[in-house]
Amino acid sequence: MIHVSTTCPDLDAARMLASSALEARLAACANITPGLISLFHWQGAIEEEQEVLLTLKTRADLRQPLTRMLEADHPYDLPVITWEDVSSTSDAAAWLSEETGGD
């Protein structure tokens, strides 16, 4: 199992991306966390924005199509998309595989 994460400008954008990933079976679950405050360098200045964190649970072999979908549909000019391997219970791993069409 991996978690693929990105920040979004608002709940509507996060919901849209989550729904697209789930409908395409590129993820088994989406977690949306509002209330994130991000500080970052952008175009020569330090910016501060309220954002929403979107985390998608998926299989490692779906990372590339999922990140391509996020890049194509994301409202940001430069979406930062990250992923990490996570450990899970065997039941959760089986559920994730079943919901994303894995073996």
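Which two strands form a hairpin, and how many residues stand between them? Select β2 and β3: these strands form the hairpin, with two residues between them. The coordinates belong to a predicted model, in which local features need pLDDT of at least 70 and side-chain atom pairs count only at pLDDT 80 or more, while totals for chains, interfaces and linings use all residues. Residues are numbered from 1 along each chain as its sequence is written, and side-chain values use heavy atoms, with hydrogens and water left out.

**The sheet**

Display the strands next. Helices (H or I, at least four residues) and strands (E, at least two) are DSSP runs, numbered from the N terminus. Four strands make an open sheet with the order β2-β3-β1-β4 and antiparallel pairing; two strands pair if DSSP finds at least two bridges between them. β2 (29-42) and β4 (81-85) are at the edges with a single partner strand each, so one side of each has no neighbour in the sheet. From one strand to the next, the twist averages 25 degrees. Axes here are lines fitted to C-alpha atoms, for helices over the stretch in contact, and angles run from 0 to 180 degrees between N-to-C directions.

Return to the hairpin strands, where 12 bridges join β2 and β3 in the antiparallel sense. Select Phe40 to find its bridge partner in β3, Glu47. Then move to strand β1 (residues 2-8), which is joined to β4 by five antiparallel bridges. Here Ser5 has Thr82 of β4 as its bridge partner.

**The helices**

Add helix α1 (residues 11-23), which lies across β1, β2 and β3 (45-58) and runs at about 130 degrees to β2. Helix α2 (residues 63-73) also packs on the sheet, touching β1, β3 and β4, and its direction makes about 160 degrees with that of β4. Contact means heavy atoms within 4.5 Å.

**The nonpolar core**

Select Leu56, Leu66 and Leu70, which have the most contacts inside the largest nonpolar core, a group of 18 residues. Such a core is a set of buried Ala, Val, Leu, Ile, Met, Phe, Trp, Tyr and Cys residues joined through side-chain atoms within 4.5 Å. At least two core residues come from each of β1, α1, β3 and α2, and α1 gives the most, with five. Centre on Leu70: apart from neighbours within four places in sequence, Leu70 is in contact with Val4, Leu17, Leu56 and Ile81.

**Two residues of β1**

Thr7 is in strand β1. Is Thr7 buried or exposed? Thr7 counts as buried because its relative accessibility is 19%, the limits being under 20% for buried, over 50% for exposed and partly exposed in between (1.4 Å probe, protein chains only). The side chains of Thr7 and Glu51 share a polar contact of 3.3 Å; the term denotes a pair of N or O atoms within 3.5 Å, where within protein one must be able to donate a hydrogen and the other to accept it, and residues adjacent in sequence count only if both atoms are side-chain atoms.

His3, likewise in β1, is buried at 18% relative accessibility. Beyond residues up to four places away in sequence, His3 touches residues including Thr55, Thr82 and Trp83.

**Two loop residues**

Finish with backbone angles. Most residues other than glycine have a negative phi. Arg25, in the loop between α1 and β2, has a positive phi of about 60 degrees and is partly exposed at 43% relative accessibility. Gln43, in the loop between β2 and β3, has a positive phi of about 50 degrees and is exposed, with a relative accessible area of 71%.
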